[in-house]
Amino acid sequence: MAVRRLEPCVQLPLDEKTLKEVVTSARDWALMHGACMRSKTNYNEDILQFAPFALLPSVFPRKEFERAVNIQPILNELMHKVAHDHEFLTSSLKSTIEVDEFTGNMFKIYETVYNEGFAQRLSLGLLRSDVMLESCCCLDEGHGDDIKLAPYCCWKQVEINTIASGFGWLGPASSHIQRYVLRELGHEEKLENLPPNSALAGLCGGMIKAWKIYDNPKAVIMIVVEDVTYNICDQRFHEFYIRENHPDVGVLRRRFSELKEQAKLTDNKALFVDGHEVAVVYYRTAYEPAQYGGAEGWKTRLLIERSKAIKCPSIHYHLAGTKKVQQALAHPGCLERFITDSAKVEAIREIFTGLYSLDFDEHGDRAVDMAIANPERYVLKPQREGGGNNVYGQKIREIVEKMKSSKERTAWILMERIAPPVQKNYIVRPGQNNLPEPTDVVSELGIFGVVIGDAEKILVNEQVGHMLRTKLSTVDEGGVAAGLGALDSPYLADL
Ligand code: ADP
Ligand code: MG
């Protein structure tokens, strides 16, 4: 397939002396401004290292950026309505929960609190819709391997996250590093093409709004985290932002595993942790089986769901963000169930790429055949979050062949592989001795949304910022915490 190429925002390569100077100072800039993580290989709570970053902001078509920003409130509304549709969640997840224990456990909690009646009718959604530009849908007349991006290039949705949507801090921080770099390189005039990004303020604002709705000035916001946190800056900056800008609001940080001892429910369903009433529970964990540590973790999750604290996410929001639900939503005629305005339905439908179930029916059988015949055209996804779980290329054929007669296949979805345009950039990584070379990279944009509401009404619905992650064009996944991706931010260009 022809690879489309975008021209970088600064002519590359940079001369060696300039590159050396700017890389050295940008690394220090990142370290001193908290664009950092803890090392996975040399873990030490006292030591941070800068997160890998792209030296220059990656070019992104301005119109497509604006389209992503503008559609976010519609996606917020969609996800909110999906989360509150018991019949839809039940039917979409029916086959998956029979074979996928993790989703099954979540669903049991959902059924329990649904049948008991929700003690807290409101949910707080801090969502992130992830998208990639698609080269294939461009119309152009070019030839050969390197074809300029045509004006019709558009993005497609990768997924929408409803739990632990990260980079509210590292997103804006990336653009600050790159602003510094562009200035150092003498390109002050280019700064206007880096869109403002107030993701941290917007996401924290969502938590504060939920806290106010809870209406108990003594109650706290509780941030629930993993036992070991690598992505510490991206969590703590939220906490520090709230403490600094709303000193009246208490913030508690607790490991999920600590809560089995510390979390208690009162008779009127108030959640208490260490003597503090909790108004808002913000999860930065609990999206992977291992983070539950067995039955105790599931008991804790149920206890929290039963409480009248406002959860981010509530269990139904969490289920609405599963890949199986994403696939069900792409089914013809499905969006109309949630969104009545036909222009909005059309706008959402355009962002879906092909999504197929592997259920035991004629559609599922066809998807199995497609995956085996052309594995390189697809990504095979289980019901997991957090990166590193999907299957690509020839491995898809192997796995689908192996499970095609077993029920297990219904826990997976098949998605058309998006082929984003490439561009050159320098990726700066910690521990790198040599100067980086310009390399071919591709990017994934995430747009943040905040939504608060219950089954009847939506009280808050906003788009609040963005993040961009960039990876080498040759790797399948680009998790920054996993070391494969790099912080980046969009450079808007009228292509
Ligand atoms: P997770 O919940 O683990 O983040 P994602 O669906 O976001 O799962 O997939 C992880 C990564 O895999 C994405 O960030 C992206 O780099 C890559 N990826 C996922 N789906 C596609 C796709 N359809 N086409 C191309 N790359 C994809
Ligand atoms: Mg993802």
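Where does the second largest pocket lie with respect to domain 1 and domain 2? In this predicted model, residues of domain 1 (3-353 + 418-493) and of domain 2 (355-417) both end up in the pocket lining, so the pocket sits between the two domains.

It helps to set out the domains themselves. The domain assignment splits the protein chain into domain 1, made of 3-353 plus 418-493, and domain 2, which covers 355-417. Taken over C-alpha atoms, the centres of domain 1 and domain 2 are 25 Å apart. On the contact side, 28 residues of domain 1 touch 24 residues of domain 2.

Back to the pocket between them. The second largest pocket holds about 380 Å³ of space, and 17 residues line it. Q327, H331, L355, S357 and H363 are the lining residues nearest the pocket centre. As for secondary structure, at least two lining residues come from each of α11 (323-329), β15 (355-357) and α13 (362-373). Helix α13 gives the largest share, with 4 residues. Sorted by class, the lining of the second largest pocket is a mix: 7 nonpolar, 6 polar and 4 charged residues.

Closed-off space is next. The model has 4 cavities of 30 Å³ or more, and the largest cavity takes up about 80 Å³. Its lining is drawn from several stretches of the chain: L6, then S58, V59 and F60, then L133, then P420, P421 and Q423, then V441, V442 and S443, and L468. Strands β5 (58-61) and β21 (439-453) each put at least two residues into the lining of the largest cavity. By class, that lining has 9 nonpolar and 3 polar residues, with no charged ones.

Then there is a helix pair to look at. How do helix α2 and helix α12 pack, and at what angle? Helix α2 (residues 62-83) meets helix α12 (residues 342-349) at about 100 degrees, and their axes are 11 Å apart. Angles of 65 to 115 degrees count as roughly perpendicular, so α2 is roughly perpendicular to α12. On the α2 side the contact uses I71, I74, L75, E77 and L78, while α12 brings K344, A347 and I348. By class, this contact between α2 and α12 has 6 nonpolar and 2 charged residues and no polar ones.

Finally, some backbone details. Which residues does a cis peptide bond join, with omega about 0 degrees? One such bond links L12 to P13, and P13 belongs to the loop between β1 (3-5) and α1 (16-32). Another cis peptide bond runs from C312 to P313, with omega near 0 degrees. P313 is found in the loop between β14 (310-312) and α10 (315-320). D274 is worth a look too: it is a residue other than glycine, yet its phi is positive, near 50 degrees. The loop between β12 (271-273) and β13 (276-283) is where D274 is placed.

Conventions. Residues numbered from 1 in each chain as written. Chains lettered and ligands numbered in written order. Predicted model: local features only at pLDDT ≥ 70, side-chain atom pairs only at ≥ 80, totals over all residues. Heavy atoms only, no water. Axes fitted to C-alpha atoms, helices over the stretch in contact; angles between N-to-C directions. Parallel < 35°, antiparallel > 145°, perpendicular 65-115°, else oblique. Contact = heavy atoms within 4.5 Å. Nonpolar A, V, L, I, M, F, W, Y, C, P; charged D, E, K, R; others polar. 1 Å grid on protein atoms, 1.4 Å probe; cavity = no way out; pocket = protein on both sides within 12 Å on 5 of 7 lines; lining within 4 Å. Points joined across faces, edges and corners; volume = space filled by probe spheres on them. Domains from an automatic or database assignment.
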